[in-house]
Structure formats: C-alpha cells, structure tokens
Amino acid sequence: MHGSSGAVDACDARLISQVAGGDRHAFEVLYRSYFPRLTRFLNGMTRNVQLIEEIVNDTMLVIWQKADSYDGSCKPSTWIFAIAYRKACKAIRGLDEPVEADPDLAAGDAAGEPEHELCLHRLQQTVGAALEHLPAVQRAVVQLTYHHDMGYADIADIMDCPVNTIKTRMFHARRRLKELLAGQMEENA
C-alpha cells in the first residue's frame, strides 16, 4: 500500500492546485475522497454526528478558500487532517456538555457467523469505550496511527508539536488502554 501512496499524494496535490484555480470538479473529487476519512478520524474525537459533519464541511471550506496556501512542504493528507484537527479542537472546546456515542454508528451489517459478529461487536465497543477515557490529544494520536496509517512525523505536523510529544502521547495512550482493557476483560470473564 505504501508504494501507491506517492501517486495518491501527487494526485491529491494536483487536485489541491486545481482547487486553488477555482476548479469545482477537482474540489468535489477531493471532498468525496476525504469525507469518509475525515469522518472516521473525527468520530474518534467526538461522537456527535452533526458536529462531525459541521467540522468536515468547515475543513473543506478552508481547503476551498485556502488551497493556494498549500505549499507542498507536507503531504496533502497531512495538510487536510491538520485543518480538520484544528477545527475539531475549536469546536469541541465550544461544547458545554459531554457527547454520547451514537449507537447507529456502531451498528453494521452482520455478515458471517452471529456469534463471531457479536464477539467482534463487543470487542469494538470495549475498545471504543476505552478510547473514550483517553484525553483528546492521546485519542487523536491513536486514531491517526491505527485508523489512518500515519507516521509520527505526519501526526506531529497535524497536531503542530514535536515528534517526541507524539511518541509520549502514544506511550501514555497505550499504557492507559492496556489498564482499561485489562479491567474490562476481568469484568467480562
């Protein structure tokens, strides 16, 4: 998969350049490409579906307005995720109440054996619940690493901090998840 990431980056960079020139079709292609990825990432920061859609739309608006400011100094995905991360942090700070998980997001089409699907669903819920107990910055590092296959350098660019800070956040996130999941496994045994 990493072999084709250079081609994807070049294509995304070309799309951003076309968007900078006012190309609506290029913008639509970029939007369709990034909408599911950004939604998945933001779902790790907040479970509020309306807020996620608002953040994605705000992010894409910034891309439409500021595409000419993309200078190629980082991957296009890093630039886009950094915008989404900053928008999400600002939006989440503005919330007055905790956000509950949307059960419809966790539900999927059950394909395969019902027992296996139930076990997998429980495991996803357990891990999801454990992630909810992490601070937002740690949760973001875990999401970007495992759900978006990003390296620490890209995550550091997105979160605008040193790579060692990202490593530290991941270390603490893993340690806390291990504690939380060990406790969950004992309760379910």
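Is Asp-149 buried, partly exposed or exposed? In this predicted model, Asp-149 has a relative accessible area of 46% and is therefore partly exposed, a class that lies between the limits of 20% and 50%. The residue is located in the loop that joins helix H7 (136–146) to H8. Its backbone is notable in that phi takes a positive value of about 50°, although Asp-149 is not a glycine.

A second aspartate with a positive phi is found after helix H8. Asp-160 follows H8 and occupies the loop between H8 and H9. Its phi is near 55°, again a positive value in a residue other than glycine. With a relative accessible area of 67%, Asp-160 lies over the limit of 50% and is therefore classed as exposed. Helix H8 itself comprises residues 152–159, and its buried residues are Asp-154, Ile-155, Ala-156, Ile-158 and Met-159.

A search of the whole structure identified three salt bridges. One of them involves a buried residue of H8: Asp-154 is paired with Lys-75, and the closest N and O atoms are 2.9 Å apart. This pair connects distant parts of the chain, since Asp-154 belongs to helix H8 whereas Lys-75 lies in the loop between H3 and H4, 79 residues apart. The relative accessibility of Asp-154 is 14%, and the residue therefore counts as buried. Lys-75, by contrast, has a relative accessible area of 33% and is partly exposed.

Another salt bridge is formed by Glu-132 and Arg-47, with 2.9 Å between the closest N and O atoms. Here too, distant parts of the chain are linked: Glu-132 is in helix H6 (residues 114–132), Arg-47 is in the loop between H2 and helix H3 (49–66), and the two are 85 residues apart. In this pair the basic partner is the buried one, as Arg-47 has a relative accessible area of 18%. Glu-132 has a relative accessibility of 35% and counts as partly exposed.

The remaining salt bridge joins the side chains of Arg-176 and Glu-179, at an N to O distance of 3.3 Å. Both residues belong to helix H9 (residues 163–188), where they are three residues apart and therefore separated by about one helical turn. An α-helix has 3.6 residues a turn, so residues three or four places apart point the same way. Arg-176 is partly exposed at a relative accessible area of 34%, and Glu-179 is likewise partly exposed, with a relative accessibility of 46%.

The packing of helices was examined for H2 and H4. Helix H2 (residues 24–43) packs against helix H4 (residues 76–93) at an angle of about 50°, and the two axes are 11 Å apart. The angle falls outside the ranges for roughly parallel, under 35 degrees, and roughly perpendicular, 65 to 115 degrees, and the helices are therefore oblique to each other. Their crossing is right-handed. On the H2 side, the contact is made by Leu-30, Tyr-34, Arg-37, Leu-38, Phe-41 and Leu-42, which meet Pro-76, Ser-77, Ile-80, Phe-81, Ala-84, Tyr-85 and Ala-88 of H4. Classified by residue type, this contact contains eleven nonpolar residues, one polar residue and one charged residue.

Note on methods
Residues numbered from 1 in each chain as written. Predicted model: local features only at pLDDT ≥ 70, side-chain atom pairs only at ≥ 80, totals over all residues. Heavy atoms only, no water. Buried < 20%, exposed > 50% of the residue type's maximum accessible area, 1.4 Å probe, protein only. Helix = DSSP H or I, 4+ residues; strand = E, 2+ residues; numbered from the N terminus. Axes fitted to C-alpha atoms, helices over the stretch in contact; angles between N-to-C directions. Parallel < 35°, antiparallel > 145°, perpendicular 65-115°, else oblique. Left-handed = near helix turned anticlockwise from the far one by under 90°. Contact = heavy atoms within 4.5 Å. Nonpolar A, V, L, I, M, F, W, Y, C, P; charged D, E, K, R; others polar. Salt bridge = Lys/Arg side-chain N within 4 Å of Asp/Glu carboxyl O.
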